Amino acid sequence: MYLLLCKTIFLLLLCITFSDAESQDPLGEFCNKETNISIGGKVSSNINNLLSELVLKTPSTGFLATTFGKEKDQVYGLAQCRGDVSTQDCSICIEDAAKQIRQRCPNQADARIWYDFCFLRYNNKTFASQVDTSFGIFYYNVENVTDPKTFNNKLGSLMDEIRAEAVVPKQEGLGKGKTKLSPFVTLYALVQCTRDLSEISCAQCLAISVSNFPTFCNNRKGCRVLYSSCYVRYELYPFFFPLDSDNAGASKKTMRAVVHP
Ligand SMILES: *[C@@H]1O[C@H](CO)[C@@H](O)[C@H](O)[C@H]1NC(C)=O
Ligand SMILES: *[C@@H]1O[C@H](CO)[C@@H](O)[C@H](O)[C@H]1NC(C)=O
Ligand SMILES: *[C@@H]1O[C@H](CO)[C@@H](O)[C@H](O)[C@H]1NC(C)=O
């Protein structure tokens, strides 16, 4: 009996240790197949150095755009955490992102990876302050709202409000808020631009995201738009920090759509 228990405990510990060491799956990645490079070449080793710096320096402020190497082998990188996540969550996310992006895009100079808590990209071409909505990933709830007219009105106003918030300079591209749809149902939404964007570019990226709602998010109970320059999400359950208590038991089942350039 005692032995069995020990074994059970041992197995449990083993499992915990294993799952701890494994990095999280991303929401998606983009490996630009037009930018193939050789593994072990100069660009590739510059990417590794760039990633080390991003992992080390991003969490303290939640954002870093940097570069590594010289001339034709120079690479540019950007990493950013969602503005509401803790330094610790940010750090874990960027570490996972750096690990996974090299596994998923081992021989591309232009690669990007998305998580809910962070985003990371690099390229051998500079991309800073340019709005990029060429590649997009959409996650939408499988369920539809029952009263689209009221829902879309409330969603529209909340989006307007938080988009306006996101372009206020001290907000660093982040806007979030909630609105009650009924005494029991609350709509939560968050938008965020990468911090290299100007206010006008940020507004542009968010406008493009919202203009895609009818295609991918139409009447859906939740939706996420993931671009290289901005992140937009709404849900009928709390998802941003500080986290509200979740008592509604709203559906969290999603489907994914990917749009290529
Ligand atoms: C780049 O490499 C991938 C395999 O990793 C290959 O499928 C693709 O065709 C290559 N692209 C070009 C432009 O050679
Ligand atoms: C980036 O890398 C690709 C693939 O090796 C190459 O064709 C392109 O010229 C490079 N671009 C720059 C700006 O170095
Ligand atoms: C939600 O609406 C879409 C069309 O707008 C439909 O294809 C889908 O089946 C609906 N989902 C459910 C769960 O009814």
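Mentor: Before we start, contact means heavy atoms within 4.5 Å. This is a predicted model, where local features need pLDDT of at least 70 and side-chain atom pairs count only at pLDDT 80 or more, while totals for chains, interfaces and linings use all residues. Residues are numbered from 1 along each chain as its sequence is written, chains are lettered from A and ligands numbered from 1 in written order, and side-chain values use heavy atoms, with hydrogens and water left out.

Trainee: OK, how far apart are the centres of domain 1 and domain 2?

Mentor: The bounds come from an automatic or database domain assignment, which gives domain 1 as 2–123 and domain 2 as 136–259. The two do touch: 21 residues from domain 1 and 20 residues from domain 2 take part in the contact. Taken over C-alpha atoms, their centres are separated by 25 Å.

Trainee: Which element gives the largest share of the largest nonpolar core?

Mentor: A nonpolar core is a set of buried Ala, Val, Leu, Ile, Met, Phe, Trp, Tyr and Cys residues joined through side-chain atoms within 4.5 Å; buried is under 20% relative accessible area, exposed over 50%, and partly exposed in between, with a 1.4 Å probe and protein chains only. The largest one has 29 residues, and Met159, Leu206, Phe213 and Tyr234 have the most contacts inside it. Elements (DSSP runs numbered from the N terminus: helices are H or I, at least four residues; strands are E, at least two) that give two or more residues include β8 (186–193), α5 (199–211) and β10 (230–235). The largest share, six residues, comes from α4.

Trainee: And which residues does Met159 touch, leaving aside neighbours within four places in sequence?

Mentor: Met159 is among the residues with the most contacts inside that core. With neighbours within four places left out, its partners are Ala189, Val191, Val210, Phe213, Val232, Arg233 and Tyr234.

Trainee: Is Ser209 buried or exposed?

Mentor: Ser209 sits in helix α5. Beyond its neighbours within four places, Ser209 is in contact with Val225, Tyr227, Cys230 and Val232. Its relative accessibility is 0%, so Ser209 counts as buried.

Trainee: Over in helix α2, what distance separates the C-alpha atoms of Leu50 and Tyr122?

Mentor: Leu50 belongs to α2 (residues 42–61) and is buried, with a relative accessible area of 0%. Leaving aside neighbours within four places, the contacts of Leu50 include Phe68, Val75 and Tyr122. Leu50 and Tyr122 are 72 residues apart along the chain, yet their C-alpha atoms are separated by 8.5 Å.

Trainee: Now the ligands: how much of ligand 1's accessible area does the protein cover?

Mentor: Lys33, Asn36 and Asn107 are around ligand 1, meaning each has a heavy atom within 4 Å of it. One polar contact (a pair of N or O atoms within 3.5 Å; within protein, one must be able to donate a hydrogen and the other to accept it, and residues adjacent in sequence count only if both atoms are side-chain atoms) joins an oxygen atom of ligand 1 to the side chain of Asn36 at 2.4 Å. Areas use the Shrake-Rupley method with a 1.4 Å probe; for residues, only the protein chains shown count as cover. Of the 360 Å² that ligand 1 has on its own, the protein covers 38%.

Trainee: What share of ligand 2 does the protein bury?

Mentor: Asn36, Ile37, Lys72 and Asn124 surround ligand 2. A polar side-chain atom of Asn124 lies 2.2 Å from an oxygen atom of ligand 2. Alone, ligand 2 exposes 360 Å², and the protein buries 47%.
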